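Morning, everyone. I have one structure to walk through today. Please look at the screen.

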Amino acid sequence: MNIPHIPERFLRQVWQQQLFNASNLHTSDGKPVRIISPGALNTDAGPDFRNAKIQIGRVTFCGDVELHQDAAEWHSHAHTVDSHYNKVILHVVLTADAVTPLAHTASHRPIPLLVLHPFLDNSLRHTWTDMILGERNERLRTIPCHAVNNDVPGNIIVHWIEKLALERMEFKIRRFEERLKQLIDERKLVVREPYPRYYGNPADIPTPHKEYTQRDYASKEAWEQLLYEGLMEAMGYSKNREPFRTLAQSMRLDFLRRYSLSETTTMMALLFGGAGLLPSSRKLPEKESRAYVRILRRQWRELRPSYGNTLLHEGDWLFFRLRPNNFPTARLASMCYLLDRLFGEESFRSLVALFKKESVTSQERISSLNSLFRFSPDEYWMHHFHFGGKRGKSGIALGTTRIHDMLVNVVIPIVLLYARIFKDQLVRTHARRLLADLPPLQTNTITQIIQ
């Protein structure tokens, strides 16, 4: 059988759609393979498929799958030293040389090898054609009714979009409300556990959640932690939301406040240390970066004993397909400069007070909020986006569009939640008016489809 070259993006479709004879699969060393779930396609850095479930021999594994044209590409792509690939459970390739050694993770674990070409259908070339056309159709996809948009009165479309916007905002508010309740319970040393099942008279079944009073919600620290977590998550964009949220929930604001929030170097040492993003200074090519990292690592070693929560690993963060200004290092450094501005003394009360002022227009509120998120980095971050890069002409900054994203997705929902709980109609009115007056946010995959 002639073994054709399949572009890797099509090889992913072969695996995802199981376009091969899966009834008698086996690894290169003869162990039977049963694919329970091929996993979810990963479009970011790291393995091609996440959270697959595969039985190899008598053992069922849950983890990631990496695909290559040839088995030797695992080593040529340097996956052996990349911790993003530590959870790979199966290396799937089209071809493999008989002497090619098994792939190993950075943790030195051998990975079973599945060579696909003996199991491919002879009609695969026709399948490639279908996949190429399908990929093109996916890029051009719109919602089915888009062709009749011009036949629908404009006021109906506007009303529909406004209704969807309110529904989306309500989802954000409820998500923050649930987290706020968890923070309140934690402060009261209450552990929330699943309620047991009850049978019998429905009237005897207790309510799933207790009632909270305004007095419960009066904790300023809980509101500030909520805002801190929301802004940290927003700093992660779509690719790094999860590690940013995890870091914010483990390295709490009250822990950072044991030290001075205005001491930016201390905040850098704590957050970069907790994030696992402080590299060895010996590995950095630039003298300025080596000196800067040595300062942070020295301070982190001094502060580390006082921090008892979970540490993240560099493998938890994604840099792939990100603009340098959006690197997690750049965003984490930005947050270090914002901590004192956003969470200084009486910061949350000052934020709410901005929405209470009747003599202030929405544009003036937007201008005030924009200025709150502006900062001046030090000499190092004025010319760097991460520790391993060379000195450049620009450095970290938050653009107006990113600030408005954080206002819409974090600040306004939390302010509306505050207005709802404390029945403050004035704050609610001003927050909703500001939401309506903000310019449209950046396009995304959803807005591209409905245009």
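I will start with the whole chain and then move to a few places in it.

First, a caution. This is a predicted model. Please keep that in mind for every value I give.

Now the overview. The protein chain has 451 residues, and 44% of them count as buried. It contains 15 helices and eight strands. The chain exposes about 25100 Å². Carbon and sulfur atoms supply 52% of that area. What about contacts along the sequence? Take those between residues at least 6 apart: 66% of them join residues at least 24 apart.

Let's go to a strand. Find β5, residues 88-95. His91 sits in that strand. Is His91 buried or exposed? His91 is buried, because its relative accessibility is 2% and the cut-off for buried is under 20%. Which residues does His91 touch, leaving aside those up to four places away in sequence? On one side of the sequence, the list has Glu66, His68, Ala71 and Trp74. The list continues with Ala103, Ile111, Pro112, Leu113 and Leu114. Take Ala71 from that list. Ala71 and His91 are 20 residues apart in sequence, yet their C-alpha atoms lie 8.0 Å apart.

Next, helix α4. This one covers residues 154-187. Look for Trp160, which lies in α4. Trp160 is partly exposed, at 45% relative accessibility. Together with Ile161 and Leu164, Trp160 forms a nonpolar patch on the surface. The three share about 290 Å² of accessible area.

Stay on α4 for its charged pairs. Side chains of opposite charge can pair when their charged atoms come close. Lys163 and Glu167 do this: their side chains meet in a salt bridge, 2.7 Å from N to O. Why does the spacing matter here? The two are four residues apart in α4, so about one helical turn separates Lys163 from Glu167. An α-helix has 3.6 residues a turn, so residues three or four places apart point the same way. Both partners are partly exposed: Lys163 has 45% relative accessibility, and Glu167 has 43%.

There is another pair in α4. Glu170 and Arg174 form a salt bridge, at 2.8 Å from N to O. Again the partners are four residues apart in the helix, which puts about one helical turn between Glu170 and Arg174. Their exposure is not alike. Glu170 is partly exposed at 22%, while Arg174 is exposed at 55%.

Now follow the chain out of α4. Lys188 is in the loop between α4 and α5, and α5 covers residues 220-235. Lys188 counts as partly exposed, with 40% relative accessibility. Asp216 is 28 residues away from Lys188 along the chain, and the two C-alpha atoms are 9.6 Å apart.

On to a salt bridge between helices. Arg245 pairs with Glu233, and their closest N and O atoms are 2.8 Å apart. Arg245 belongs to α6, residues 241-250, and Glu233 belongs to α5, so this pair ties together parts that are twelve residues apart in sequence. Is Glu233 buried or exposed? Glu233 counts as buried, at 9% relative accessibility. Arg245 is partly exposed, at 21%. This pair also has company. Arg175, Glu233, Glu242 and Arg245 are linked in a network of salt bridges. Across the model, the count comes to 17 salt bridges.

Last stop: helix α13, residues 400-421. How many of the 22 residues of α13 are buried? The number is 19, so this helix is largely enclosed by the rest of the structure. From first C-alpha to last, α13 reaches 30 Å, close to the expected 32 Å. There is also a kink in α13. The kink is about 45° and is centred on Leu407. Just after the helix, look at Lys423. Its phi is positive, about 55°.

Let me recap three places to revisit on screen. His91 is buried in β5. Arg245 and Glu233 join α6 to α5 through a salt bridge. And α13 has its kink centred on Leu407. Thanks for listening.

Methods
Residues numbered from 1 in each chain as written. Predicted model: local features only at pLDDT ≥ 70, side-chain atom pairs only at ≥ 80, totals over all residues. Heavy atoms only, no water. Buried < 20%, exposed > 50% of the residue type's maximum accessible area, 1.4 Å probe, protein only. Contact = heavy atoms within 4.5 Å. Areas by Shrake-Rupley, 256 points an atom, 1.4 Å probe, with all protein chains shown as cover. Expected span 1.5 Å × (residues − 1). Bend = angle between axes of the 7 residues up to and from the residue. Patch = residues over 30% accessible without salt bridge, like charges linked within 9 Å, V, L, I, M, F, W, Y side chains within 5 Å. Salt bridge = Lys/Arg side-chain N within 4 Å of Asp/Glu carboxyl O.
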